[in-house]
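Biologist: I would love to go through this model with you, one question at a time. Shall we start once it is on the screen?

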Amino acid sequence: MEAGKPLVDQAMKRLTFEIGHTRSMGCTVLKIIHGYGSSGTGGKIRTASRKYLTQLKSKGEIQDYIPGEAFSIFEEATRRAFSRCGDLRRDSDLDRYNNGVTFIVL
């Protein structure tokens with residue numbers, strides 16, 4: 001384990017907490033930075049997070065999620081997220097295809 005980096009189960013607990021906390025504050029979109037793995041081939045936290053978000057979406061607990069590599073003005077999911085949170089248009093990862101982040105639409 002890298003110093004200061006959580007294990008997958010710790011990261012999933014933190015993600016669950018942050019989704020609930022962000023929703024309770026009235027926010028509509030949460031950006032998580034999970035990295036893409038130190039090998040550059042897709043980290044365990046990134047994979048586990050997106051699997052978990054797929055489950056939450058299928059249960060209706062979140063509206064959607066947008067992988068960083070799909071966070072583009074050319075993607076319909078991104079444009080829908082803009083309508084919920086206009087500040088996303090100014091996010092530094094827009095159109096940068098950053099697979100180390102994910103946007104969660106609450």
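Modeller: Gladly! One term before we begin: contact means heavy atoms within 4.5 Å. Please keep in mind that this is a predicted model.

Biologist: Thanks! Which strands do the buried residues of H3 pack against?

Modeller: In helix H3 (76-84), the buried residues are Thr 78, Ala 81 and Phe 82. Seen down the helix axis, they fall within an arc of 110°, so they line one face of H3. The buried residues of H3 pack against S2 and strand S3 (101-105).

Biologist: Nice. Which residues form one aromatic cluster?

Modeller: Let's build it from the pairs, of which there are 2. Phe 71 and Phe 82 are edge-to-face, at 6.4 Å centre to centre with 75° between the planes. Phe 71 and Phe 103 are stacked, at 3.9 Å and 25°. Phe 71 takes part in the edge-to-face pair and in the stacked one, and the cluster is Phe 71, Phe 82 and Phe 103.

Biologist: And is Ser 72 buried or exposed?

Modeller: Ser 72 sits in the loop between S2 and H3, and among the residues it touches are Thr 78 and Leu 94. Its relative accessibility is 3%, and the cut-off for buried is under 20%. Therefore Ser 72 counts as buried.

Biologist: What about Phe 74: buried or exposed?

Modeller: Phe 74 is also found in the loop between strand S2 (64-67) and helix H3, and joins Ile 73 and Tyr 97 in a nonpolar surface patch. With a relative accessible area of 63%, Phe 74 is exposed.

Methods. Residues are numbered from 1 along each chain as its sequence is written. This is a predicted model: local features need pLDDT of at least 70, side-chain atom pairs count only at pLDDT 80 or more; totals for chains, interfaces and linings use all residues. Side-chain values use heavy atoms; hydrogens and water are left out. Patches are made of residues with over 30% relative accessible area and no salt bridge: like charges are joined within 9 Å, nonpolar side chains (Val, Leu, Ile, Met, Phe, Trp, Tyr) within 5 Å. Accessible areas come from the Shrake-Rupley method with a 1.4 Å probe; for residues, only the protein chains shown count as cover. A salt bridge is a side-chain nitrogen of Lys or Arg within 4 Å of a carboxyl oxygen of Asp or Glu. Helices (H or I, at least four residues) and strands (E, at least two) are DSSP runs, numbered from the N terminus. Buried means under 20% relative accessible area, exposed over 50%, partly exposed in between (1.4 Å probe, protein chains only). The arc is that of the directions from the helix axis to the C-beta atoms. Rings of Phe, Tyr and Trp (its six-membered ring) pair if their centres lie within 6.5 Å; planes under 30 degrees apart count as stacked, over 60 as edge-to-face and the rest as tilted. Lists of a residue's contacts leave out its neighbours within four places in sequence.
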